[in-house]
Amino acid sequence: MTSTTHPQQTDAVTEHYDAVVVGAGVSGMYALLHLRGMGLSVRTYDGAPRIGGTWWYNRYPGARVDGPSAPLYGYTFSDELVKEWDWTETQSSQPEVLSYLDHFADRFDLRRDIELDTRVDDARYDEATQRWTIETGTGRCVSAAFLICAVGALSTPNTPDIHGIDDFGGRCLHTGHWPEEPVSFEGKRVGVIGTGSSGIQVIPEIAKEAAHVTVFQRTPQYTVPARNRPLKAEELALVRDNWEMVKAGMMAPPAADAALPMAPGNGRSPFEETPEQRHALYQELWEQGTLAFVYGNYAELLVNEEINREVCAFLQGKIREIVDDPDTAEKLIPDHFYGTKRPILDSGYYETYNRDNVTLVDLREDPIEEMTRAGVRTVMGEHPIDMLVLATGFDAISGSMLRLDPMGRGGIRLKEKWESRYHNYLGLMISDFPNLFMIHGPGTPGVLYLMPLGAELETEWIANCLRHMSERGLGAVEPTHEAELAWDEEVSALAEKTLFPRTDSWYTGANIPGKPRHFSVHVGGPAYFHRIAEIAEQGYEGFAFAPATSVGSNDREEDS
Ligand code: N01
């Protein structure tokens, strides 16, 4: 890196990089490593005091990977890393994932290029220099040829606008922004709002310690036992010894005619089996726990109403079986298609309602009116509490990009561009925002795929694009408007084959008041990565490149 001056940029700019990465979570750190490995000068900024992104902020009791078992939730690019990190449980806990990310940062010497406690406040593109100017809350002003937004799909907390919440006399915590120091619930009356993945993980843990827990539930949720357990040495060895095959399996797309675009299912047809056979499968998967309940199920589960309703009935039976009080059990029965909200894995969630110190308030029949100094007032009365835990989720997928709100060509802000739709191409780039790349943006499989592996594959695509530009003396790239519209149709058409768009969820933005309702996840799973590779191989169809201008073109050679 040098401090070359670019004439069109303000005097305040003190440093110039090839790339600035926003975010030092799973994606941002991999982007730093990979781009630095190409000989680029890269700087990474993160507002948190430590690396880890979501895994730093979501440090609430009970937080653990709610996806595929370890070691599949981890980077795949380094055989050494796979071999040397001993995951200890099937559903890795938040402290263990954070330790793994710390190890990753140290092992690959990433920290020297990461500035923590440094939130990016603004990013503006300058067409003349083909560079981004980036300003941080700490007063830094730097420029970069490429802006890599690894801002997280689930990292902007959603804090509900409840009347009087600021007047509450007790402590108020958000699961997505949990304090660093330990929190004691001992002897406390705790209210929890929210029963998504975070609520379902945290409620049983709080109930073990608190004097009383009142759960304020707006929408009941299905959850399947996580069946978390220690990983056996032989299980880890099996994966390590067959790593190439395991990895290939993670990236293999289902057949083009598969019922569910993102996963092959169990290879069995539900229509060729008797109701008893199907029930036996659901029972087997319930006993197995984990996301096997989705991925070991029939591929029709997320596309066929009839099969989905049968699975819902099975799960509803489980709730009635587990929960002793029939009224409470009825309040816990969901009414959406299973799996169309993010599938949840729990450790004793429904069982928690059998405890004497746990009460469920159904906000659909008894909504919150306001918070008072002493608690939560619902239509039917006041619930005194000493602490409030908001497990109210995130402004997901697009929220963190909108919080960054970069300014593109001609002064356009992202908030303007995305007012009614998250226009993008391949989930990676946005027209009018040249040289800005997103990782796990809207339009990628992001939250429906393996996040670390997805980040690797998206970063590698970005790196290849930068190489393509460098070899041809190109200084700017952005998608065309037409390509964006076609991509939106492609993503929507895939989603329409499934039941996903029919449910209100954070996938559709329905959890945030006023957010446009649009299912913005690519449901193709591994097929997405094959698709974006194909587009690159075909000469980056749908992208417009511009030759490097003289003022902005020199950085790679000079800076590295
Ligand atoms: O958030 P959510 P989450 N009044 O949006 C309720 C990932 N994750 O943090 O459904 C009352 O799912 C809301 O009700 P409703 C994981 O992928 C990963 O739980 O909108 N209630 C819902 O019950 C997950 O899916 C990990 O009606 C209000 C809850 O709050 C995703 O993050 C850990 C309300 C929010 O559920 C999000 O999960 C945690 C209001 N005004 C999460 N506003 C790990 O892997 C919202 N709610 C570690």
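# Ligand shell and salt bridges

Q: Which helix provides the largest share of the shell around the ligand?
A: Helix 5 (residues 197-209) provides the largest share, 3 residues; a helix here is a DSSP run of H or I with at least four residues, a strand a run of E with at least two, and both are numbered from the N terminus. This is a predicted model, in which local features need pLDDT of at least 70 and side-chain atom pairs count only at pLDDT 80 or more, while totals for chains, interfaces and linings use all residues. Residues are numbered from 1 along each chain as its sequence is written, and side-chain values use heavy atoms, with hydrogens and water left out.

Q: What makes a residue count as near the ligand, and which are the closest?
A: One of its heavy atoms must lie within 4 Å of the ligand. The shell has 25 residues, and the closest are Tyr60, Thr195, Ser198, Arg218 and Thr219.

Q: Why is the pairing of Lys341 with the ligand called a polar contact?
A: The term requires a pair of N or O atoms within 3.5 Å. An N or O atom in the Lys341 side chain is 3.3 Å from a ligand oxygen, so the pair qualifies. Arg342 places a polar side-chain atom 3.4 Å from a ligand oxygen, and a polar backbone atom of Ala391 is 3.3 Å from one. The protein covers 90% of the 910 Å² of accessible area that the ligand has on its own (Shrake-Rupley method, 1.4 Å probe).

Q: Why is the pair of Asp113 and Arg43 called a salt bridge?
A: A salt bridge needs a side-chain nitrogen of Lys or Arg within 4 Å of a carboxyl oxygen of Asp or Glu; the closest N and O atoms here are 3.7 Å apart, so the pair meets the rule. Asp113 lies in the loop between helix 4 (94-107) and strand 3 (114-115), and Arg43 in strand 2 (residues 42-45), 70 residues apart.

Q: Why is Arg377 called partly exposed?
A: Its relative accessibility is 29%, which falls between the limits for buried (under 20%) and exposed (over 50%), so Arg377 is partly exposed. Its side chain meets that of Glu370 in a salt bridge of 3.1 Å, N to O.

Q: What makes Glu484 and Lys417 a salt bridge, and are they buried or exposed?
A: Their N to O distance of 3.9 Å is within the limit, so the pair counts. Glu484 is in helix 16 (residues 481-496) and Lys417 in helix 14 (residues 414-417), 67 residues apart. Glu484 and Lys417 are both buried.

Notes
Polar contact = N/O pair within 3.5 Å; in protein donor to acceptor, adjacent residues only side chain to side chain. Buried < 20%, exposed > 50% of the residue type's maximum accessible area, 1.4 Å probe, protein only.
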